[in-house]
Amino acid sequence: MNTGTNSGTNTGASTDVTIDYGHDLLFGTFVTPTNHPVHQAVEQAVVADRAGLDLVTFQDHPYVARFHDTSTLLAYAAARTERIHLSANVTNLPLRPPAVLARAIATLDLLSGGRIELGIGAGAFWDGVAGMGGPRRGPGESIEALEEAIAIIRGVWNTGESGALSVRGQHYDVRGAKRGPAPAHPVGIWVGAYKPRILRLVGRAADGWLPSIQYLQKGLPELAEMNSHIDESAHAAGREPRDIRRFLNIGGQFAAQGRGFLQGPPSQWAEELAEVALTYGTSGFILASDDTALTQTFAAEVAPAVRELVADARGTGRHE
Amino acid sequence: MVIRALQDTTRDQVSSAGTHHRLADAEPGPALERDVPLWLQGSDTAVAALAGRLADGWMVDLEEVGLEGLATLNEVLDHAATDAGRDAREVRRSVTLARGDAADISALVALVVDHGVSSLVLRVGTDDVTTLRTFLDDVAPAIREGAERALPQGALSSRPVRRADARARRRPGIAYNEVPEELAGTAVEPGDAAFGKVRSTYLRGGDPGLVLRPRTVAEVASAVGFAREHMHLPLGIRSGGHGISGRSTNDGGLVIDVGGLDDITVLDEAARLVRIGAGARWRDVARALQPHGWALSSGDYGGVGVGGLATAGGIGFLSRKHGLTIDHLRAVDMVLADGTVVRASATENTELFWAARGAGANFGVAVAFEFVVDEVDEVGWAQLAFQAPDPAAYLEAFGRVVADTPRETTPFLILGQGVAQLMAMVDSSDPGVIVSQLQPFAEIAPLVQQQVVIAPYAAVMNMFPETAHNGRGEPVSRSAFTREITPGFASASADLIRSGASHWYQIRTVGGAVADIAPDATAYTHRDANFALAVMGSNAQRLDRWFEPVRRHASGLYLSFESDRHPDRIADAFPPATLDRLRRLKAKLDPHNLFQDNFNILPAHDHTRSAT
C-alpha cells in the first residue's frame, strides 16, 4: 500500500499555508470488532471490499471481552476478502510481543497476497493492559518501547540482512532471533500518535501516521502543528516528510441538509475532505462505520469526488 | 489458570495471581460455544502431573518415552488427578507415533487397552499420502475393532467426561450419567462453556440443571423419554427462547431445546406448501420465503422461534389481511408424552390438530410444521411517532381509525408517557394505497417523526440484529383482548401508563382475516377481538394494581404475552367449552401431565404428577 507518489505541489485552494505531500488518496473504514453477532465485523469487511474501498481497519483492545481478538479477526477477514488491504487501528503493543507480531503480520501478508498493514500504538487503557497480565508503562516508557518494537519488527522482516537479529532494549531484549519471513509487500508501519515526543518517533521511524479526529483537542488545525513535529523529525533523520503518509480516522453521517463537518450530503463531505487533504496533507481517510449503507455511499459517492477535487487542485486532473 | 479464568463467563471479573502469568480484574470472555479441551504436551513427570491436576488431555511422543515410560508417566498423571479430586478419565491420553509404529496393529490395540490411550497421532510427511490413507482406512478401524473386542462393552463411549469442577455445578435429582448416548454429546450442563448461552431466555433469567439439544425427531423422542424419568423436575421446551412468559427455561429442571431442528423446505411450489422445523427463527423463514414472493405472518420480531409462536397463535404484521400464523397450518408433527411421533392435520389426529393451534405446548413437543404461505409482494412499512399527552384520547382515536381501516393495514401501537409510536405494515406495494391507508393514522395527533418505506416483509423481520438471550430475573407481562377501545378501557389504560407501573404498553390489531375463522375451529378462540394488549412491568403486584381495571374492560388473554402463573389465567385463555375439550384430550395424550410448565391444562381425570 506504500503506493507511488505524485510530484506534488502545494497548490491549496485557501490562502493559508498548506501542505500536500502529494500521495494518492486512500479511503477505508474503521469497523468495530464486536463478537456479537459473531460474523458482523467480517461481513462489514466484505462490504468495504466489494464497495471498492482501499482499506478496512479494526480497533485492537485485547482486554475487552465483547470484541474479537483483532489479530485473529484480521486473518479471518483477509481470507473472506479479495482486494482490500487490512490493518489493526491500532495494534496494542504491550499485549503483543513484537517479534511474534512481526511474524504474524508477515505470515498474514504472505497468505493474503500482500494486503496487510501494521497500524500500531504505544498502548492505552493501562488498567486493561495490566489486568490482562501486560506491563504498565508510563508515557515516556511506552514510546521508548514502541521504538524498540519497530526496530525488532523491521529486523525480523529484513531477510536481506545476514546474521541473527539482536535488539537490546530497555523493554524488549531480543538476542539472536532468526530473521524472516519477509512479508509479500512492504508492509506500512502506521503509528497512532498525538503528542510531540511520539510524533517525532513517527517522523524518524514510521511509514504512516494514524490519528483520530475526535482526539484532536483543537480540531483540524491541530493537524498542522502535529505535521510539523513529524516533518522536522523526518528531516533530522535524513528522511523526507512525504515518506510518512498522513491518515485520519473520521466519523460522520449522511444527511440531506448540511449540519456540520461530515454531517450532510456526499458532495459536502467531498469538499470538506478535499480541503483537509489539500490543507493538511492527509491522504488516507478512514471512516468509522458498522453500517453497510454508510460504507457504500462513502465508497461510491465520496471517495471518487474527493479524488477528483484534489486532482483538479493539484493540476493533475484527468477528466475522462 | 489464566486461560480457564478467562473462559469463566459466569463472573464479571477474573483475577489470577501467578509467578509468571497474572490477571487482575480482567473481563472474562467471549463465552465459548463449547468447551475447548486444553491438552498439555510433555514427556517429563512434572508435565504429566500438571496435566493430571489441570488439563483435559496429555500428549506424549511414544518414541521419546517408550512403553515403559508411558506406563510410568500415566501412573504419575493418574495419581495427580486423583489427589486433585478428579476422575483420571477426565484427561485424554494421546500418543504420537512414528511412521513405522503404524504397522503393528496388535501393539496399537495394546496402547488403547493396556495404557488407556484414546488418541493416536501419526507423524507423517506432508507428501506421504499412502501412509496416511492406510492409517485412516485400515489401521484406525482395526484398532477400534480390536479395542472394542478386548474392552468391556461401552468402555469406548463418546460420552464426554466432564471435569470435576464442572460436575460440581450439577443440580440434584438429575440422572446425568443416564442421558441417552445420542443426546450426551450435545447436552449442556451448568458447568459447561455453552451454558451461558442456553440458560436464559430473552427476558427471563434461567438456571436449568440440564439442557438437551436434540438434532433429529428421534432424538427429541429420546429427550422426552428422559424427561419422563424426571417428572419431579420442571420441564421447559425451547425453540427460539424469545417467549415473553419465559416458560422455556427454569431453575434446576430440564430444558429440551429444539433449536437444531431448523430446516425450511418448500414441499409444493404451486400450493405454496412449506415445511418448517420448530427450531427455525422467523427471520430465517422470512428470508427463505422472500425469493418466492411469499411471506408468512409471524410476530413483530424476527428473532422469535417458530415452535413457540406456531403452537400459541401468531399475532403478526399481516394478521388483519392474512390471519394468524396458526391459520396457515396444514399439518404438525409432534412428539407426544409417551415418545410416539404423530402427525396431526385435518384428516389425521384431528383433535390434536385442533388443540395444537392455540394450546400446543400442553400436548407434546412440536418438531415440524407445514404451512400454506401467502403471496406477498413488497409491503409498505411505516414507523410513526406522535406527541400523545392525553393517552386516553389518543387510544380512542386510534380505535376509531382502526375500525375504518381496510385489512391490508395492520398497525401495532406502543403507547408511553406523552409519546405514541406506531408501526404498521400495509400489504401493498402501491404507494397510493399505502399512503391513503396510513393517512388517517397520521392525523390522530401531532407527528414528531415519520418513516414510510416499501420493503420486503423479510427486511422488516430482519430489521433488528440478532441479540443474545441474556434475560435476568422474572419477566412480568400481562395480556388481554378487546373488541373495541371503549372510553373505560382507554381511561384505565391511561391511568396504567401514567402510573409508571408499566414500561411497555403495546396494542396489536387483529380482527380482519383472524375473525373469518370460527372460534371453535382452533384452540385459539379470541376470534372476535380487534385488539390484543400486552403490558410489561417490573413488579407484578404494582402492575396488577393498575392492570386489573384495564382487564375489567377486556377479556381473554394471549398465552405468549402472559407471565402470571395463577390457575385463573387458564380460564381467561380458554372459554369453558374449549377448556373441557382440551382437558379431555390432555387426559388421553398426556395423562400423567408431563407437559405442565407452560399454562397447564389439567387432564380431565385426576392424574396430576407429584408436586415435590
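**Entry 1: B:Ala164**

I looked up the exposure of B:Ala164 and noted that this residue counts as partly exposed, because its relative accessibility is 23% and the buried class ends under 20%. The model is predicted, and I kept that in mind for every value below. I placed B:Ala164 in helix H6 of chain B, which runs over residues 164-167. I then listed its contacts, leaving aside residues up to four places away in sequence: B:Ala164 touches B:Gly85, B:Arg86 and B:Glu90. I also took the C-alpha to C-alpha distance from B:Ala164 to B:Ala84, which is 9.2 Å for a separation of 80 residues in sequence.

**Entry 2: B:Asp300**

I located B:Asp300 in the loop of chain B that runs between strand S12 (294-295) and helix H11 (306-310). Which side chains does the side chain of B:Asp300 meet in a polar contact? I found B:Gln506 at 3.2 Å and B:Arg508 at 3.0 Å. With residues up to four places away in sequence left out, I recorded that B:Asp300 touches B:Phe317, B:Phe412 and B:Met461, as well as B:Gln506 and B:Arg508.

**Entry 3: B:Asp404**

I next turned to B:Asp404, in the loop between helix H14 (391-403) and strand S18 (409-415) of chain B. Is B:Asp404 buried or exposed? I entered B:Asp404 as exposed, because its relative accessible area is 68% and the exposed class begins over 50%. I also checked B:Asp404 against B:Val14: the two residues are 390 apart along the chain, and their C-alpha atoms are separated by 60 Å.

**Entry 4: chain B as a whole**

I counted the secondary structure of chain B as 20 helices and 23 strands. Its C-alpha trace spans about 90 × 55 × 55 Å along the principal axes. I noted that chain B has 612 residues, of which 53% count as buried. For contacts in chain B between residues at least 6 apart in sequence, I found that 69% join residues at least 24 apart.

I took the division of chain B into domains from the assignment: domain 1 covers 1-28, domain 2 covers 37-150 and domain 3 covers 379-573. I recorded 46 Å between the C-alpha centres of domain 1 and domain 3 of chain B.

**Entry 5: helix H6 of chain A**

I moved to chain A and its own helix H6, residues 196-205. Which residues of this helix are buried? I listed A:Ile198, A:Leu199, A:Leu201, A:Val202, A:Gly203 and A:Ala205. These buried residues pack against two helices of chain A, H5 (139-157) and H7 (222-236), and against two strands, S8 (189-191) and S9 (208-209).

**Entry 6: chain A against chain B**

I finished with the interface. Chain A gives eleven residues to the contact and chain B gives twelve. Between them the two chains bury about 760 Å², with 57% of that area on carbon and sulfur atoms. On the chain A side, I noted A:His36, A:Ala65 and A:Gly131 as the residues that lose the most area to chain B, together 51% of what that side buries. By class, the residues of chain A that touch chain B are six nonpolar, four polar and one charged.

How many salt bridges does the rule find across the interface of chain A and chain B? I entered zero. For polar contacts between chain A and chain B, I entered three residue pairs, counted with both residues at pLDDT 80 or more.

How values were computed
Residues numbered from 1 in each chain as written. Chains lettered and ligands numbered in written order. Predicted model: local features only at pLDDT ≥ 70, side-chain atom pairs only at ≥ 80, totals over all residues. Heavy atoms only, no water. Helix = DSSP H or I, 4+ residues; strand = E, 2+ residues; numbered from the N terminus. Buried < 20%, exposed > 50% of the residue type's maximum accessible area, 1.4 Å probe, protein only. Contact = heavy atoms within 4.5 Å. Polar contact = N/O pair within 3.5 Å; in protein donor to acceptor, adjacent residues only side chain to side chain. Buried area = accessible area lost by both parts, 1.4 Å probe. Salt bridge = Lys/Arg side-chain N within 4 Å of Asp/Glu carboxyl O. Nonpolar A, V, L, I, M, F, W, Y, C, P; charged D, E, K, R; others polar. Domains from an automatic or database assignment.
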